[in-house]
Amino acid sequence: MDLKHILPKLLQRLLQALLVALLVGTLCFFMTRMLPGDMAYRIAAGRYGYDMVTSAAAQAVRVELGLDRPWPAALGDWWGRLLHLDLGSSQVTAQPVLLEIAQQLGPTVRLSLLAMSLSLLIGPSLGVLAGLKPGGWLDRVTLGLSVSLRALPPFLLGLLLVLLFSVQLGALPAAGHADHGGILLPALTLALGLAATSCRVARDAMVQVRASDYFAFALTKGLTPSQALARHGLRNVAAPVTAYLGVQMVMLVEGVVLVETIFAWPGIGHALVHAIFGRDVPMIQGTALVLGLMFVLFNALVDAACALIDPRRRQ
């Protein structure tokens, strides 16, 4: 693709990232202010403890953090700081939000990449094998597993994996990140949910490839089924599977928040939950903003991968 085709796509993604930043930050601002209870009291309780907090301490926090300001002024101030790439400081720890997010981003990215790698290893592989013999025993088994896994919410699937691998088998740690293999259970929890869908997408794509004229012609000219699959089948199956990754990114971002909380994984999702309980508005806005921008970035990478696999998308 030449520059005249790349530049509009790049500008479109940059505009999308800007709109996501403004929309996510604004929604978080209003949603946190609509939560019941006194935000200043909750923040003061997080600093001094619920037994030590007083009305005077809550008022001091309210004045210190500017929580007594009208919401238009507070929102305008946050927009102005966002344009300068300043996400403010945590109202609980007083540390810069960017610094805290930088420390938590690495574990979240590692968890997401491992989960996506496992899902692509499990789901499309089984889907291709099932699509080679539609209606066979493997096709029926994968259909049942896919429906069951998609019906299970991530927190319940995670608990079942903990009971199996940690409680019954004692093979993997149940939570935390310091132990060897601590990332495997949260990654597997995310991967199974993603693989359940990608398996059926790959299966349907394989059925279409198997019934196509070019696949039949490949067999007619003397290629074995495995050779025809390798030369003509896998790339055509990979195109819809890769395109569907954009939809799976939504499930991945949603699942990260739940799974990191369940397994005490020190990532952005875990920090977001703690920030919500502590009414830490800058931290909520910052983490939600980064998750939204991650979604935009992953979708841009998916579009690039689709164009690389399928030349028709470059037109």
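Me: Where does A264 lie?
Reply: This is a predicted model, and in it A264 sits in the loop that joins α10 (225-262) to α11 (268-277).

Me: What is the phi of A264, and how do I read its sign?
Reply: The general idea first: most residues other than glycine have a negative phi. Now the case here: A264 has a positive phi of about 50°, and it isn't a glycine.

Me: Is A264 buried, partly exposed or exposed?
Reply: Buried means under 20% relative accessible area and exposed means over 50%, with partly exposed in between. A264 comes out at 33% relative accessibility, so it counts as partly exposed.

Me: Let's move to a helix. How many residues does α7 have, and how far does it reach?
Reply: The trick is to set the end-to-end reach beside what 1.5 Å a residue would give. Helix α7 covers residues 154-168, which is 15 residues, and it reaches 20 Å from first C-alpha to last. The expected value is 21 Å, so the two are close by the 1.5 Å rule.

Me: Where does α7 bend?
Reply: At V162, by about 25°. V162 is also one of the buried residues of this helix.

Me: Which residues of α7 are buried, and what do they pack against?
Reply: The buried ones are L157, G158, L161, V162 and S166. For their partners, look to α6 (137-151) and α8 (184-210), since the buried residues of α7 pack against those two helices.

Me: What about F155, buried or exposed?
Reply: Neither label fits. F155 belongs to helix α7, and at 42% relative accessibility it counts as partly exposed, because that value falls between the 20% and 50% cut-offs.

Me: How far apart are F155 and Q103?
Reply: You can count that two ways. Along the sequence F155 and Q103 are 52 residues apart, and in space they are 25 Å apart, C-alpha to C-alpha.

Me: What comes just after α7?
Reply: G170, with a positive phi of about 65°. Unlike A264, which is not a glycine, G170 is one.

Me: Now empty space. How many cavities of 30 Å³ or more turn up?
Reply: A cavity is space where the probe fits but cannot get out. Searching the whole structure gives 1 of that size, and the largest cavity holds about 30 Å³.

Me: Which residues line the largest cavity?
Reply: T108, S112, L252, V253, V256, L291, M294 and F298. The elements giving two or more residues to that lining are α5 (97-132), α10 and α12 (281-309). By type, the lining divides into 6 nonpolar, 2 polar and no charged residues.

Me: And the second largest pocket, what is its volume and what lies closest to its centre?
Reply: A pocket, in contrast to a cavity, is an open set. This one has a volume of about 490 Å³. It is lined by 20 residues, and the closest to the centre are V24, C28, L272, A288 and L291. Two or more lining residues come from each of α1 (3-33), α10, α11 and α12.

Me: Which element gives the most to that lining, and how does the lining divide by type?
Reply: α1 gives the most, with 7 residues. The lining of the second largest pocket has 17 nonpolar residues, 2 polar and 1 charged.

Me: Zooming out, how many helices and strands are there?
Reply: The chain has 12 helices and 0 strands. Buried residues make up 43% of its 315 residues, and the C-alpha trace spans about 85 × 60 × 30 Å along its principal axes.

Terms used
Residues are numbered from 1 along each chain as its sequence is written. This is a predicted model: local features need pLDDT of at least 70, side-chain atom pairs count only at pLDDT 80 or more; totals for chains, interfaces and linings use all residues. Side-chain values use heavy atoms; hydrogens and water are left out. Helices (H or I, at least four residues) and strands (E, at least two) are DSSP runs, numbered from the N terminus. Buried means under 20% relative accessible area, exposed over 50%, partly exposed in between (1.4 Å probe, protein chains only). The bend at a residue is the angle between axes fitted to the seven residues ending there and the seven starting there. Contact means heavy atoms within 4.5 Å. On a 1 Å grid over the protein atoms alone, a cavity is a set of points where a 1.4 Å probe fits but cannot get out, and a pocket is an open set with protein on both sides within 12 Å along at least five of seven lines; lining residues have an atom within 4 Å of a point. Grid points are joined across faces, edges and corners, and a volume is the space filled by probe spheres set on the points. Ala, Val, Leu, Ile, Met, Phe, Trp, Tyr, Cys and Pro count as nonpolar, Asp, Glu, Lys and Arg as charged, and the others, Gly among them, as polar.
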